[in-house]
Amino acid sequence: MPKLITNGLNFHYQQAGSGPDVVLIHGVTGDLSIWFLSQAMGVLSQSFRVTAYDLRGHGYSDVTPTGYTSADQAGDALAIIDALEIDRAMLVGHSFGAVIAMHTALLAPERIEALVVSDPSFPALRHLEDLSRWGHWQNFREEAAQAGVTLSDEHWYDLGRFFDQVSHLDGDQLLRFRQAVGLPGFNRLMRLAPTTCGADAKEIAGLTEDLIRSVTQPVLGLFGEFSPFLATADYLAEHLAHCVKELVPGAKHRAPEENAAKFVDLVYEYLLTQQPRAQMVRSTR
Amino acid sequence: MISVRPEAEILGDIASILSTQLGVQSSSSIDLETRFFADLGLASIDAVVLGEAIQNHYNRRLPFNELMAEIGRRANRDLSIGELVAFVSEHL
């Protein structure tokens with residue numbers, strides 16, 4: 001299993017293809033397998049050298065008790081890029097992975113050429129969003145309530161509260177919750193729950209509204225057609241120097257799963273516009 | 001292409017890899033019907049790591065991308081060990 005040690009930690013990564021570098025960053029509670037399930041690795045590696053890694057606390061990377069803010073994990077991303085001797089890269093991030101990607105681009109603008117941010121929710125832009133637009137949240141809240149975990153609309157973004165409650169479930173409640181989310185998901189959550197990941201994910205950590213607006217790299221803001229974060233989509237398109245917005249038809253917050261084919265096509269097309277020298281190879285999908 | 005390895009041997013190799021590299025406790029009771037996720041409690045990330053381990057074991061690149069994409073297309077996103085054995089056998 002490909003692993004590298006950097007920033008004092010073991011990170012699991014996968015790499016494929018050749019050409020300009022692209023780095024894929026998954027979201028909280030996920031792992032790099034989403035890039036395989038969605039065929040992002042297979043398609044993008046036709047024209048690019050694609051690297052995907054598991055965030056700390058996720059997949060087969062080391063779990064740490066702390067260090068999950070976007071600033072911390074942007075540091076991880078840069079350490080990984082250094083360790084793999086990647087000089088400059090385009091970043092594709094989903095959900096909190098997109099927040100990490102943007103923070104990375106702002107910390108090291110000379111290293112990051114372009115960004116695809118898929119359904120990000122930035123802590124500094126939380127005030128833009130109206131949770132009532134997210135039907136999925138209401139369903140999830142009902143399922144969680146049946147398992148004894150209370151999630152409030154007021155703190156919908158507060159993964160910390162969620163993890164805290166999950167950590168304190170016992171006996172029957174634990175079994176019901178485990179049945180509701182499935183064993184693999186449950187194991188992932190139980191591993192993350194004792195860490196500061198939940199609390200850190202809502203920290204601005206230096207990624208302020210002003211800093212977000214100062215991004216100069218080209219950005220594709222890719223959002224599900226029914227995403228709960230469409231106000232963020234409009235904001236980025238309006239305020240960033242070079243941001244275009246695209247919607248993934250039929251998707252909510254998880255476009256790489258909900259409409260993988262269209263998601264990957266939009267990412268691939270955009271990356272090719274940023275790197276015309278990359279060989280364009282159309283696969284039959 | 002005729003595989004030089006019988007499927008029973010491939011099944012044994014996979015069970016061994018699951019035990020030694022993925023920490024699967026019940027590898028002695030794995031058969032062709034065993035489901036990767038529902039029965040073994042593994043996740044898609046484990047499938048990625050298992051694919052890597054199988055390729056290292058046979059010292060051969062195998063088109064695991066296709067298999068992962070197939071899993072991604074399924075509603076239940078699961079795979080039986082029998083399907084995995086057949087895939088490996090076909091491509092060795």
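In this predicted model, A:Cys197 sits in helix α9 of chain A. Is A:Cys197 buried or exposed? It has 28 C-beta neighbours inside 10 Å, and therefore it counts as buried. Leaving aside residues up to four places away in sequence, A:Cys197 touches A:Val28, A:Gly57, A:Tyr68, A:Leu159 and A:Leu192. The chain also brings A:Thr69 to this spot: the C-alpha atoms of A:Cys197 and A:Thr69 are separated by 7.4 Å, although the two residues are 128 apart along the chain.

One of those contacts, A:Leu159, leads us to helix α6 of chain A, residues 159-167. Here A:Leu159, A:Phe162, A:Phe163 and A:Val166 are buried. Because they cover an arc of only 95° around the axis, they lie on the same side of α6(A). There is a simple reason behind such patterns: an α-helix has 3.6 residues a turn, so residues three or four places apart point the same way. The buried residues of α6(A) pack against α7 (171-181), α8 and α9 (197-200) of chain A.

Helix α11 of chain A, residues 230-239, can be read in a similar way, with A:Thr232, A:Ala233, A:Tyr235 and A:Leu236 buried. Their arc is only 165° around the axis, which puts them on the same side of α11(A). The cover over these buried residues includes β7 (219-224) and β8 (243-248) of chain A.

Now for the strands. The table lists three pairings in chain A.

| Strand pair | Sense | Bridges |
|---|---|---|
| β1(A) (residues 3-6) and β2(A) (residues 9-16) | antiparallel | four |
| β2(A) and β4(A) (residues 49-53) | antiparallel | four |
| β3(A) (residues 21-25) and β4(A) | parallel | five |

In the first of these rows, A:Ile5 stands opposite A:Asn10 in β2(A). The hairpin of β1(A) and β2(A) has two residues between the strands, and in it A:Asn7 takes a positive phi near 55°.

Strand β4(A) pairs with β2(A) and also with β3(A). Which residue of β4(A) stands opposite A:Gln14? That residue is A:Ala52, and A:Ala52 is the bridge partner of A:Leu24 as well. Four of the five residues of β4(A) are buried, so this strand is largely enclosed by the rest of the structure.

Stepping back to the whole chain, the domain assignment of chain A gives domain 1 (3-126 + 201-274) and domain 2 (131-200). How far apart are the centres of domain 1 and domain 2 of chain A? Taken over C-alpha atoms, 24 Å separate them. Across the boundary, 17 residues of domain 1 of chain A are in contact with 19 residues of domain 2 of chain A. On the domain 1 side, the touching residues divide into six nonpolar, seven polar and four charged.

The nonpolar interior is worth a look too. The largest nonpolar core has 102 residues, and those with the most contacts inside it are A:Val22, A:Leu91, A:Met102 and A:Leu115. Helix α4 of chain A (residues 96-107) gives the largest share of this core, eight residues. The core also draws at least three residues from each of domain 1 and domain 2 of chain A. To see some of the packing, pick A:Met102: not counting residues up to four places away in sequence, A:Met102 touches A:Leu115, A:Val117, A:Pro120, A:Leu207, A:Ile212 and A:Val215.

Finally, let's turn to the partner chain. 16 residues of chain A are in contact with 16 residues of chain B. Which elements of chain A give two or more residues to the side that touches chain B? They are α1 (33-37), α2 (40-44) and α8 (183-192) of chain A, and the largest share, three residues, comes from α1(A). By class, this side of chain A has nine nonpolar, six polar and one charged residues. Helix α8 of chain A thus appears in two settings: α8 is among the helices that the buried residues of α6(A) pack against, and α8 also gives two or more residues to the side of chain A that touches chain B.

Conventions
Residues are numbered from 1 along each chain as its sequence is written. Chains are lettered from A and ligands numbered from 1 in the order in which they are written. This is a predicted model: local features need pLDDT of at least 70, side-chain atom pairs count only at pLDDT 80 or more; totals for chains, interfaces and linings use all residues. Two residues are in contact if their C-beta atoms, placed from the backbone, lie within 7 Å. Ala, Val, Leu, Ile, Met, Phe, Trp, Tyr, Cys and Pro count as nonpolar, Asp, Glu, Lys and Arg as charged, and the others, Gly among them, as polar. Two strands pair if DSSP finds at least two bridges between them. A nonpolar core is a set of buried Ala, Val, Leu, Ile, Met, Phe, Trp, Tyr and Cys residues joined through C-beta atoms within 7 Å. A residue is buried if 20 or more other C-beta atoms lie within 10 Å of its own, exposed if 12 or fewer, and partly exposed in between; C-beta atoms are placed from the backbone. Domain bounds come from an automatic or database domain assignment. The arc is that of the directions from the helix axis to the C-beta atoms.
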